[in-house]
Amino acid sequence: MEIRKDGPIRLTGSRAWRTYFGGKLLEQFHGAKTGEDGHFPEEWIASLVAARNAGREELTEGLSMLADRPSVSLKELIESDPAGYLGEEHAAQLGATLGVLVKLIDSAERLAVQVHPDKKKARELFHSEYGKTECWHILGGREIHGEKPCVYLGFRPGVTRSHWKDCFLRQDIEAILQCLHRFEIQEGDSILIEGGVPHAIGAGCFLVEIQEPTDYTIRVERVTPSGYQVADSMCHQGLGFEKMFECFHYENFSEEEARKRWFVPAKLLKEEGKNRRIRLVGYEETPCFCMELMEIKDAMSLKQNVCSAVYVLEGRGKLLLGTGNAMQESAGQEHIWQEKVKQGDQFFLPAGTQEIQWIAEDGSHLKLIQCFGPE
């Protein structure tokens with residue numbers, strides 16, 4: 001499979017079916033004038049993971065495909081030469097996986113209250129080296145029925161396993177929600193959700209999510225807020241209704257403690273003229289992944305020695321792959337290639353990617369998310 005390993009590889013977006021409603025803002029994000037909500041509220045980015053949905057097991061929803069070879073998935077490409085695309089050290093430690101999955105999510109309704117296993121429980125219960133710690137970075141949102149976007153996160157003081165299980169058995173949704181902290185959110189917030197912590201994205205949230213590369217989701221609501229009947233296997237993921245309660249961490253936090261523990265402050269890493277690189281979540285918070293934001297008003301060079309994924313959140317411009325250290329378009333330097341980029345474009349950057357340069361179009365402001373796998 002002769003595809004270069006020294007430069008960015010453009011990917012196509014992949015929408016995944018979910019139990020909850022949403023997706024209108026995603027369609028508008030990609031240029032639709034109006035858009036509609038439905039059961040495809042997520043776009044998966046640089047994904048080597050297929051979605052787990054009861055009744056849709058034969059489908060490969062969620063896998064990213066190569067833009068210039070639509071029949072070839074990024075998963076197939078990387079499996080053809082893990083060390084070549086991921087780097088020898090990465091491939092030796094993690095195999096043919098990025099070790100991370102990234103999504104854009106637009107929720108038109110509150111998601112069912114859920115939890116994901118931490119690494120220990122993932123190994124024990126799912127025989128997986130990955131749990132599903134994740135982080136949400138809020139891009140914006142909309143009011144739904146007059147309510148501002150919010151998230152539910154962590155057990156409030158006094159919640160025990162027996163009480164939590166009783167709320168589930170009675171399907172007392174109000175009591176379930178009362179067990180969790182509720183936080184109104186705003187653009188720019190970054191929120192870490194560790195494996196084992198109960199949570200739910202509220203209605204009206206538009207966000208980018210970085211997570212460990214699995215789709216193990218334990219749900220404690222048998223019916224979604226919009227009335228969709230959730231299959232038993234979609235609740236307990238094959239564990240059974242008793243064993244699934246082992247996936248929760250039954251720690252209690254005050255609201256102040258929860259906010260301090262899980263709301264991650266942005267960290268300015270570099271500022272050059274009109275351009276900035278900002279860390280949204282890093283290895284100081286979790287060894288599972290790192291996510292950074294690049295804000296570019298003219299041009300920014302990027303050099304790396306690890307693989308990553310980049311998604312264009314805003315603006316238009318060019319992506320150049322150069323042959324020297326100092327890439328200045330005005331100098332007339334020869335480039336291996338260049339191509340236009342716009343909002344919604346996504347790329348996989350192999351570990352051997354040469355120095356590249358992002359150039360914002362005149363009057364535009366490029367905003368990019370770059371995501372890295374485990375430390």
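## Cysteines, cavities and ring pairs: worked exercises

The sulfur of C307 lies 12 Å from the closest cysteine sulfur, in C371, which is too far for a bond. The model is predicted. The exercises start from these cysteines.

**Exercise 1. Work out how many disulfides the structure holds, and why C307 and C371 do not form one.**

Solution.
- Step 1. Take the cut-off: a disulfide needs two cysteine sulfur atoms within 2.5 Å.
- Step 2. Test C307. Its closest cysteine sulfur, in C371, is 12 Å away, so the gap is too far for a bond.
- Step 3. Test C371. The nearest cysteine sulfur to C371 belongs to C290, at 8.5 Å, and C371 is in no disulfide.
- Step 4. Give the count. The structure holds 0 disulfides.

**Exercise 2. Decide whether C307 and C371 are buried or exposed.**

Solution.
- Step 1. Recall the limit: buried means under 20% relative accessible area.
- Step 2. C307 has a relative accessible area of 5%, so C307 is buried.
- Step 3. C371 stands at 3% relative accessibility, so C371 is buried.

**Exercise 3. Find the residues that line the second largest cavity, and describe the lining by class.**

Solution.
- Step 1. Set the scene. The structure holds 3 cavities of 30 Å³ or more. The second largest has about 50 Å³ of space.
- Step 2. List the lining: L98, V100, C307, S308, A309, C371, F372 and G373. Both cysteines of Exercise 2, C307 and C371, are in this list.
- Step 3. Assign strands. β19 (308-314) and β24 (366-372) each supply at least two lining residues.
- Step 4. Sort by class. There are 6 nonpolar and 2 polar residues, and no charged residues.

**Exercise 4. Describe the largest cavity in terms of volume, lining and class.**

Solution.
- Step 1. The volume is about 160 Å³.
- Step 2. The lining has 19 residues; R18, Y20, E42, L111 and Q114 are the closest to the cavity centre.
- Step 3. β6 (101-106), β8 (134-141) and β12 (199-201) each give at least two residues to this lining.
- Step 4. By class, the lining has 8 charged, 6 nonpolar and 5 polar residues.

**Exercise 5. Place β24 in its sheet, and say what stands opposite F372.**

Solution.
- Step 1. Read the order: β5-β4-β1-β22-β19-β24-β17-β16-β15. These 9 strands form an open sheet with antiparallel pairing.
- Step 2. Mark the edges. β5 (69-73) and β15 (267-272) each pair on one side only.
- Step 3. Find the neighbours. In the order, β24 stands between β19 and β17. β17 (residues 290-296) pairs with β24 over 7 bridges, in the antiparallel sense.
- Step 4. Match residues. C290 stands opposite F372 in β24.

**Exercise 6. Classify the ring pairs F155 with Y250 and F253 with W262.**

Solution.
- Step 1. Start from the total: 15 aromatic pairs.
- Step 2. The ring centres of F155 and Y250 are 5.7 Å apart and the planes lie at 10 degrees, so this pair is stacked.
- Step 3. Locate the partners. F155 is in strand β9 (residues 150-155), and Y250 is in the loop between α8 (232-236) and α9 (255-262). They are 95 residues apart, so the pair links distant parts of the chain.
- Step 4. Check accessibility. F155 is buried at 1%, whereas Y250 is partly exposed at 25%.
- Step 5. The ring centres of F253 and W262 are 5.1 Å apart with planes at 75 degrees, so this pair is edge-to-face. F253 is buried at 12%, and W262 is buried at 1%.
- Step 6. Extend the first pair. Ring pairs link F155, W164, F168, F241, F245, F248 and Y250 into a cluster.

Notes
Residues are numbered from 1 along each chain as its sequence is written. This is a predicted model: local features need pLDDT of at least 70, side-chain atom pairs count only at pLDDT 80 or more; totals for chains, interfaces and linings use all residues. Side-chain values use heavy atoms; hydrogens and water are left out. On a 1 Å grid over the protein atoms alone, a cavity is a set of points where a 1.4 Å probe fits but cannot get out, and a pocket is an open set with protein on both sides within 12 Å along at least five of seven lines; lining residues have an atom within 4 Å of a point. Grid points are joined across faces, edges and corners, and a volume is the space filled by probe spheres set on the points. Helices (H or I, at least four residues) and strands (E, at least two) are DSSP runs, numbered from the N terminus. Ala, Val, Leu, Ile, Met, Phe, Trp, Tyr, Cys and Pro count as nonpolar, Asp, Glu, Lys and Arg as charged, and the others, Gly among them, as polar. Buried means under 20% relative accessible area, exposed over 50%, partly exposed in between (1.4 Å probe, protein chains only). Two strands pair if DSSP finds at least two bridges between them. Rings of Phe, Tyr and Trp (its six-membered ring) pair if their centres lie within 6.5 Å; planes under 30 degrees apart count as stacked, over 60 as edge-to-face and the rest as tilted.
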